[in-house]
Amino acid sequence: DTTSDHVFLTLRRSHRTGDYSPLEERATQEMFEVLRKKADIPDNVPCHPHSLRHAFATNALRKGIGLIPLQHILGHANLVQITNTYSHLTPEDDSAALMAVLRQQD
């Protein structure tokens, strides 16, 4: 059990601290490359640790999370980066979010 804020940790505890250490950035990238190959994801498809963050944010927005809570979760200083990055969401996404809110009012 760990209380780390990091997602990717070493398999073994540190002899010095007794805690799991965060994986180095390069080790995480290599892990994603191995998993990408095992999953037969083509080389031209982006597959890296930041993809998880982006996928989480996109799915959270599609499921109706507010921009301010998402800003806090992602640790952004302001909403500009979120609105610029996720402007790829379609009008259908907006419509679905609006319908979900309207259904909650019943």
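**Exercise 1. Work out how far apart Glu33 and Lys37 stand in helix H1, and what joins their side chains.**

Step 1. Glu33 and Lys37 are four residues apart in helix H1, and therefore about one helical turn separates them; helices (H or I, at least four residues) and strands (E, at least two) are DSSP runs, numbered from the N terminus. The model is predicted, so local features need pLDDT of at least 70 and side-chain atom pairs count only at pLDDT 80 or more, while totals for chains, interfaces and linings use all residues. Residues are numbered from 1 along each chain as its sequence is written, and side-chain values use heavy atoms, with hydrogens and water left out.

Step 2. The side chains of Glu33 and Lys37 meet in a salt bridge at 3.9 Å, N to O, where the term stands for a side-chain nitrogen of Lys or Arg within 4 Å of a carboxyl oxygen of Asp or Glu.

Step 3. Lys37 has a relative accessibility of 54% and counts as exposed, whereas Glu33, at 31%, counts as partly exposed; buried means under 20% relative accessible area, exposed over 50% and partly exposed in between, with a 1.4 Å probe and protein chains only.

**Exercise 2. Extend the picture from Glu33 to Arg36 and Asp43, and find which residues form one network.**

Step 1. Arg36 and Glu33 form a salt bridge with an N to O distance of 2.4 Å, and since they are three residues apart in helix H1, they too are separated by about one helical turn.

Step 2. Arg36 also forms a salt bridge with Asp43, in which the closest N and O atoms are 2.7 Å apart. Arg36 is buried, with a relative accessible area of 5%, while Asp43 is exposed at 67% relative accessibility.

Step 3. Through shared partners, these salt bridges join Glu33, Arg36, Lys37 and Asp43 into one network. A search of the whole structure finds four salt bridges.

**Exercise 3. Describe the backbone and surroundings of Asp40.**

Step 1. Asp40 lies in the loop between H1 and H2, and its phi is near 60°, a positive value in a residue other than glycine.

Step 2. With a relative accessible area of 69%, Asp40 is exposed.

**Exercise 4. Classify the aromatic pair that the structure holds.**

Step 1. The structure holds one aromatic pair. The rings of Phe8 and Phe32 have centres 5.7 Å apart and planes at 85°, and so the pair is edge-to-face. Rings of Phe, Tyr and Trp (its six-membered ring) pair if their centres lie within 6.5 Å, with planes under 30 degrees apart counted as stacked, over 60 as edge-to-face and the rest as tilted.

Step 2. The pair links distant parts of the chain, for Phe8 belongs to the segment before strand E1 (9–13) and Phe32 to helix H1 (residues 25–38), 24 residues apart.

Step 3. Phe32 is buried, at a relative accessible area of 9%, whereas Phe8 counts as partly exposed at 25% relative accessibility.

**Exercise 5. Find the volume of the largest pocket and the elements that line it.**

Step 1. About 310 Å³ of space lies in the largest pocket. On a 1 Å grid over the protein atoms alone, a pocket is an open set of points where a 1.4 Å probe fits, with protein on both sides within 12 Å along at least five of seven lines, and lining residues have an atom within 4 Å of a point.

Step 2. Of the 13 residues that line the largest pocket, His6, Val7, Phe8, Pro49 and Arg53 are the closest to its centre.

Step 3. The elements that give two or more residues to this lining are H1 and helix H2 (49–62), and H2 gives the most, with four residues.

**Exercise 6. Place Ala96 and Val101 in the fold and relate each to a residue elsewhere in the chain.**

Step 1. Ala96 lies in helix H5 (residues 91–104), and Val101 is found in helix H5 as well.

Step 2. Ala96 is partly exposed at 41% relative accessibility, and Val101 is partly exposed with a relative accessible area of 42%.

Step 3. Ala96 and Glu33 are 63 residues apart in sequence and 34 Å apart in space, C-alpha to C-alpha. For Val101 and Ala57, which are 44 residues apart along the chain, the C-alpha atoms are separated by 19 Å.

Notes: Grid points are joined across faces, edges and corners, and a volume is the space filled by probe spheres set on the points.
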